[in-house]
Amino acid sequence: MNIFRLIGDLSHLAAIIILLLKIWKSRSCAGISGKSQILFAIVFTTRYLDLLTSFISLYNTCMKVIYIGCAYATVYLIYMKFRATYDGNHDSFRVEFLVVPVGGLAVLINHDFSFLEILWTFSIYLESVAILPQLFMISKTGEAETITTHYLFCLGLYRALYLFNWIWRFYFEGFFDMIAIVAGVVQTVLYCDFFYLYVTKVLKGKKLSLPA
C-alpha cells in the first residue's frame, strides 16, 4: 500500500458512488452506457475470483466486495429499475469487438497459463477499454451531463494514480508488472482527450461535448 494506490482506490470508489447517486437521485440512467457498466461488472467478477481462494487483508476484501456489488447494482438500475430511461439507441458500441480480442490476448499473453491467472489477465485488458462504449455514446449524443463528467474524471484519475502506484512499487519494492502497466497506460491515454475537455470546459462551468 502507498499513497498513490490509496488515493487511486478512493477516486475509483468516488466514481462508483457518484454514478450510483446520479442514477438514483435523478431516477434516470440517461447518458450512461449500460454496455460499459456490464463490461466493468465482468472486469470485477473475473478479477476478484480470488476472494474464494485467498485472503490478503480486510481492506482488500472489503474493496473487492464493494466493487463487485456496486457494479451489479449499477447494471440492475440501468437495465431493470430505470430501464425506461436507458438510451439504447445511442449506446450502440459493438462490445464483442472488445471482449473477443481481449479474451484471445489474455490466453496468449499472461503471467501463468492457469484458469484464475488468465481470467485476471482478461480483466486487466478489458478494464483498459471498458470505458470506450461510454465515450462513444457521448460522442454520438454530442454532450454529457456535468455529474457524468465528474464520474468519468474520477474514473480516469484512478487509473492515472495507479500508474504512479506502479512506479512507486518498482522503485521501492522492486515490483514490476508489465501487463498491468501497459494496460494502465492504454486506459489513461483513452482518457486524455476527456481530461482536456473536462479542464477547459466543465471546470469553467460549461457543458462537456466530444467531437462527433
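In the predicted model, one cavity of 30 Å³ or more is present, and the space enclosed by the largest cavity amounts to about 100 Å³. Its lining is made up of H12, I16, L19, Q37, F40, F44, C70, A71, T74, Y151 and L155. Four helices, namely α1 (3-26), α2, α3 and α7, each contribute at least two residues to this lining.

Two of the helices that line the cavity, α3 and α7, can also be set beside the annotation of the chain. The UniProt record, an unreviewed entry, lists residues 65-82, 94-113, 119-138, 150-168 and 174-199 under "transmembrane region". In the model, the span 65-82 is 94% helix and 0% strand, with its end C-alpha atoms 24 Å apart. For residues 150-168, the helix content is 100% and the strand content 0%, while the distance between the end C-alpha atoms is 27 Å.

A nonpolar patch on the surface is formed by F164, I167, W168, F170, Y171, F172, F176, M178, V182 and V186, which together present about 1,100 Å² of accessible area. Helices α7 (146-173) and α8 (178-200) are the elements that give two or more residues to this patch, and the largest share, six residues, is drawn from α7. The patch also includes F176, which is located in the loop between α7 and α8. The relative accessibility of F176 is 45%, so this residue is classed as partly exposed, a value that lies over the 30% relative accessible area required of patch residues.

Charged side chains were examined next. Side chains of opposite charge can pair when their charged atoms come close. Six salt bridges are found in the structure, among them the contact between the side chains of K64 and D50, with an N to O distance of 2.8 Å. This pair connects distant parts of the chain, since K64 belongs to helix α3 (residues 58-81) and D50 to the loop between α2 (34-47) and α3, with 14 residues separating them. The two partners fall into separate accessibility classes: K64 has a relative accessible area of 7% and is therefore buried, whereas D50, at 22% relative accessibility, is counted as partly exposed. The assignment follows from the cut-off of 20% relative accessible area, under which a residue is taken as buried.

A further salt bridge joins the side chains of E96 and R94, for which the N to O distance is 2.4 Å. Both residues are partly exposed, because the relative accessible area of E96 is 31% and the relative accessibility of R94 is 47%. In the UniProt record, the listed transmembrane region 94-113 covers the positions of this pair.

Within helix α7, E173 forms a salt bridge with R169, and the closest N and O atoms of the two residues are 3.0 Å apart. E173 and R169 are separated by four residues along this helix, which corresponds to about one turn. With a relative accessible area of 43%, E173 is partly exposed, and R169 is likewise placed in the partly exposed class, at 21% relative accessibility. Helix α7 thus recurs across the features described here: residues from this helix take part in the lining of the largest cavity, in the nonpolar patch on the surface and in the salt bridge between E173 and R169.

Definitions and conventions:
Residues are numbered from 1 along each chain as its sequence is written. This is a predicted model: local features need pLDDT of at least 70, side-chain atom pairs count only at pLDDT 80 or more; totals for chains, interfaces and linings use all residues. Side-chain values use heavy atoms; hydrogens and water are left out. Patches are made of residues with over 30% relative accessible area and no salt bridge: like charges are joined within 9 Å, nonpolar side chains (Val, Leu, Ile, Met, Phe, Trp, Tyr) within 5 Å. Accessible areas come from the Shrake-Rupley method with a 1.4 Å probe; for residues, only the protein chains shown count as cover. A salt bridge is a side-chain nitrogen of Lys or Arg within 4 Å of a carboxyl oxygen of Asp or Glu. Buried means under 20% relative accessible area, exposed over 50%, partly exposed in between (1.4 Å probe, protein chains only). UniProt positions are given in the numbering used here, feature names are shortened, and annotations may be inferred rather than shown by experiment. On a 1 Å grid over the protein atoms alone, a cavity is a set of points where a 1.4 Å probe fits but cannot get out, and a pocket is an open set with protein on both sides within 12 Å along at least five of seven lines; lining residues have an atom within 4 Å of a point. Grid points are joined across faces, edges and corners, and a volume is the space filled by probe spheres set on the points.
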